[in-house]
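Me: I am new to this structure and would like a close look at a single part of it, namely its surface. Please take me through it slowly and in connected prose.

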Amino acid sequence: MSGPNGEPHVPGGGGDDDGDSFGEEEYAAINSMLDQISSCLDHLEEKNDHLHACLKELLESNRQTRLEFQQQSKQQHKEPDVQGSQPPV
């Protein structure tokens, strides 16, 4: 069960003599680890945002290339009709 500040509740008086409570050094160490985790998560979020932007750019490029390819394909299919029944050279 947690205490009012979210700290673990230590039954049996809760004094610092029993070895179950955290001291300032332990809190500082935990705080430092949490800061490192937060920094790592921020870095991962930045990488994820960059990757997302790159993938969106790639997707748009692929869409444009596909549209150009479809237009060229349609033009190539129309050109034999314009030339008549002559086989392509």
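How much accessible surface does the chain have, and what share of it belongs to carbon and sulfur atoms?

Reply: The model is a predicted one, and its accessible surface comes to about 8500 Å², with 54% of that area belonging to carbon and sulfur atoms. Before the details, a word on confidence: the average pLDDT of the chain is 81, and 66% of the residues reach a score of at least 70. Across residues 12-16, however, the pLDDT is below 50, and in the model this stretch has two contacts beyond near neighbours in sequence. Where pLDDT is low, the predicted coordinates should not be read in detail.

As for the architecture that carries this surface, the chain has one helix and zero strands, and the helix, H1, covers residues 24-83. Of the 89 residues in the chain, buried ones make up 1%.

One part of the surface is a nonpolar patch of about 760 Å², to which Phe22, Tyr27, Ile30, Met33, Leu34, Ile37, Leu41 and Leu44 contribute. Among these residues, phenylalanine 22 has its place in the segment before H1. With a relative accessible area of 41%, phenylalanine 22 is partly exposed, and it can therefore be counted in such a patch, for which the cut-off is over 30% relative accessible area and no salt bridge.

Charged side chains also deserve attention, and here the structure holds one salt bridge. The partners are glutamate 60 and arginine 63, whose closest N and O atoms lie 3.9 Å apart, a value that fits the cut-off of within 4 Å. Because the two residues are three apart in helix H1, about one helical turn separates glutamate 60 from arginine 63. Both ends of this pair are partly open to the surroundings by the computed values: glutamate 60 is partly exposed at a relative accessible area of 42%, and arginine 63 is partly exposed at 41%.

Finally, there are cysteines to consider. Cysteine 40 is partly exposed, its relative accessible area being 48%, while cysteine 54, with 36% relative accessibility, likewise counts as partly exposed. A disulfide is a covalent bond between the sulfur atoms of two cysteines. With the cut-off for a pair of cysteine sulfur atoms set at within 2.5 Å, the count for this model comes to zero disulfides.

Key:
Residues numbered from 1 in each chain as written. Predicted model: local features only at pLDDT ≥ 70, side-chain atom pairs only at ≥ 80, totals over all residues. Heavy atoms only, no water. pLDDT = per-residue confidence, 0-100. Contact = heavy atoms within 4.5 Å. Helix = DSSP H or I, 4+ residues; strand = E, 2+ residues; numbered from the N terminus. Buried < 20%, exposed > 50% of the residue type's maximum accessible area, 1.4 Å probe, protein only. Areas by Shrake-Rupley, 256 points an atom, 1.4 Å probe, with all protein chains shown as cover. Patch = residues over 30% accessible without salt bridge, like charges linked within 9 Å, V, L, I, M, F, W, Y side chains within 5 Å.
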